[in-house]
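Hi,

Here is the model I promised to pass on. Have a look at it first, and my notes follow underneath.

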Amino acid sequence: MLGLRALLNKSTVIEQASFFQQTRNTFILKRRWPPPLHKKNGRVPKLKARHFVYDLIEDTNVNKKPDLKVILNQFVDGAGNVGDILSLRPNVAYKEFLLPGLAVYATPDNLLKYKAAENKSRASSDFSSPYVQRTINCLSRIVLQITMNKTTPWKLESWHIKTSLRKAGYIVPEEAIIMPPKEITGPDLTLQEKEFFITVKINNKEEVNVRCRIHHWATGLERLPWEEFHWKKPLEALFPEQAEILAKMTLPE
Amino acid sequence: MSGTLFRSLFNSLSLYNCSATRSLHTATVYYAARKGTRAKARAKKVKVEITKVGFIPHNQRGKDKLAKTIINKHLDDSHKSIPQDNVYPLRYYRWPVYTAEEAVRAHQETHHPSMYNEPEAFVYAKVEINMEGVKKNRYIDNFSRLTLLPHYFPQDEERTILAFCKGPELIKQVAEAGATMAGSTELVKKIQEGTVKLGDYDYVIAHPNIITDLVPIRGLMKRRFPNIKAGTLDTNICDLVKKFAAGIQYRVIKDENQQNFGSVEVPIGRLNMSPSSIAENIDILLKDIQTVRPKRDGLFITRCIIVSPPSSEKLKIDPFVHVDRTLSKEVQEDSDDEDNVAVATA
């Protein structure tokens, strides 16, 4: 009988303990009417109903939590390299970095650990910068229109490409542009129906091909008629050796 | 009724103490309302016009309000990061800031004969201004100014100038400086007769030595009568003629929906000019806009962009190379007595 009770007691205690939930709800209150002081060794005055009226000063449950610092333990596209310390909103840090195992908390131990790792892996990192992949994605998507004149003769040079890319919203220095194998001269209206690609070398490391088309610009009667959705139309390759790669590159839909 | 009754009662009583009761009024007293009081009250009443609103499906309600929530036109991209790679898409990063020379050179590339083939295209400076005045919720009015840029470039518009001055030597000089018509009292007479029409001239300027002779045609000129405030009356009339003939006129206009946003697009040169001379023009233009600055804290010129059609490129330059970013504290303080001077000179 006794043993049974003890057993029962134990089991209930355990069950109770498992029901304890951590709550983080501190409410900082202030009495609206503070009770008066009493004399030394005097009678403590009775608290009245009004002494139990409180004003809420702070609810720690709804306070904005500070940013969380994490250390990346591998290269993450758009975030950083191994050993980079990121300061993120807690939710983002948990869901996108800590849970998938891309990062660890920036504790003093981890800081020491990744400081050593950082020096080692810098050289062997796959990308020159965390944002290179995004730049590659952007550049491989576009169809670059190079506006060349329809009346004056020209030869396509790298600064034409640089200017066209700047107009399209991409900063590319001239030395990062690798021109197509053969020279392109104009004006030549057959070029209007052809396409080629140039190669952009980002940070002197990653290479990406950019699809280019030449548009002959003129005003007045000389002007070529507007073609709807010309960027969606598949065109023939200008250089046969580029045809294969161009066919693999996706056109915008 | 009761009043009359009472009165009759009192009248009968007046036999005893007549002098005391005479002054007692018990009848309801009518004071005539003052003239116009009712009309004033009626005018005060605001007529509430009830407009019938037809049925709007619940998913379309409040759409007109949504359209009104305007985006702040003072763009701030400081939350965006600074690029670290040598190749990058502009949309994810802060606008690159060029120097004025670099911006002009970039436009010269796009307008090169092999591309747009417009080497003589106009270069415009698009200046954005914070129109807040000294007091909160007070804004500067639209203003227009005329300035002479150091490097001349041909503009499309032709301007006609009528100049008044005395002395044959001076008249000769003024005509050489570029005035369409210059003269003294005989010109005044012609205007009075009607042989010369004031309406044919864009600007009327004068030398102070002839201003007394101009009084007869003051009524004809009305607001165009030369005065110092408008900058049309000066002893150095030759320079004035040059300013009006070759200067550029611009008008800063406030945004309809956003009172604190003013912008202006001013031609500052042509692409065939050297980049350094265009940069000097920009410098003078920004300094001229800065003269209108109200005596308050914070930015006045907020942004400066160099554009050149037909290219759609907008290249941002740093205006604070040319003008001060903020007003010094001393200047702000000694301005307390004179209030917000934002006067237009046209």
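How many residues of chain A are in contact with chain B, and how many of chain B with chain A? Bear in mind that this is a predicted model. The count comes to 26 residues of chain A against 18 residues of chain B. On the chain A side, α4 (132-141), β6 (143-149), α5 (158-167), β8 (170-171) and β11 (194-202) each put in at least two residues. The largest share, 5 residues, comes from α5(A). Sorted by class, that side of chain A has 14 nonpolar, 10 polar and 2 charged residues.

There is strand pairing between the chains too. β8(A) is joined by 2 bridges to β1 of chain B (residues 88-89), and the two run antiparallel. One pair to click on: A:Ile171 has B:Tyr88 as its bridge partner.

Within chain A, have a look at β1 (residues 27-31) and β2 (residues 54-59), an antiparallel pair held by 5 bridges. A:Ile28 partners A:Glu58 there. β2(A) is hardly covered, with 0 buried residues among its 6.

Then there's α10 of chain B (residues 275-290). With 16 residues at 1.5 Å each, this helix should span 22 Å, and its end C-alpha atoms are indeed 22 Å apart. Its buried residues are B:Pro275, B:Ile278, B:Ala279, B:Asn281, B:Ile282, B:Leu285, B:Leu286 and B:Ile289. Seen down the axis of α10(B), they fall within an arc of 160 degrees, so they line one face of the helix. The cover over them includes α5 (100-110), β3 (122-130), β4 (143-147), β9 (261-270) and β10 (301-307) of chain B.

Cheers

Note on methods: Residues are numbered from 1 along each chain as its sequence is written. Chains are lettered from A and ligands numbered from 1 in the order in which they are written. This is a predicted model: local features need pLDDT of at least 70, side-chain atom pairs count only at pLDDT 80 or more; totals for chains, interfaces and linings use all residues. Two residues are in contact if their C-beta atoms, placed from the backbone, lie within 7 Å. Helices (H or I, at least four residues) and strands (E, at least two) are DSSP runs, numbered from the N terminus. Ala, Val, Leu, Ile, Met, Phe, Trp, Tyr, Cys and Pro count as nonpolar, Asp, Glu, Lys and Arg as charged, and the others, Gly among them, as polar. Two strands pair if DSSP finds at least two bridges between them. A residue is buried if 20 or more other C-beta atoms lie within 10 Å of its own, exposed if 12 or fewer, and partly exposed in between; C-beta atoms are placed from the backbone. The expected span of a helix is 1.5 Å times one less than its number of residues. The arc is that of the directions from the helix axis to the C-beta atoms.
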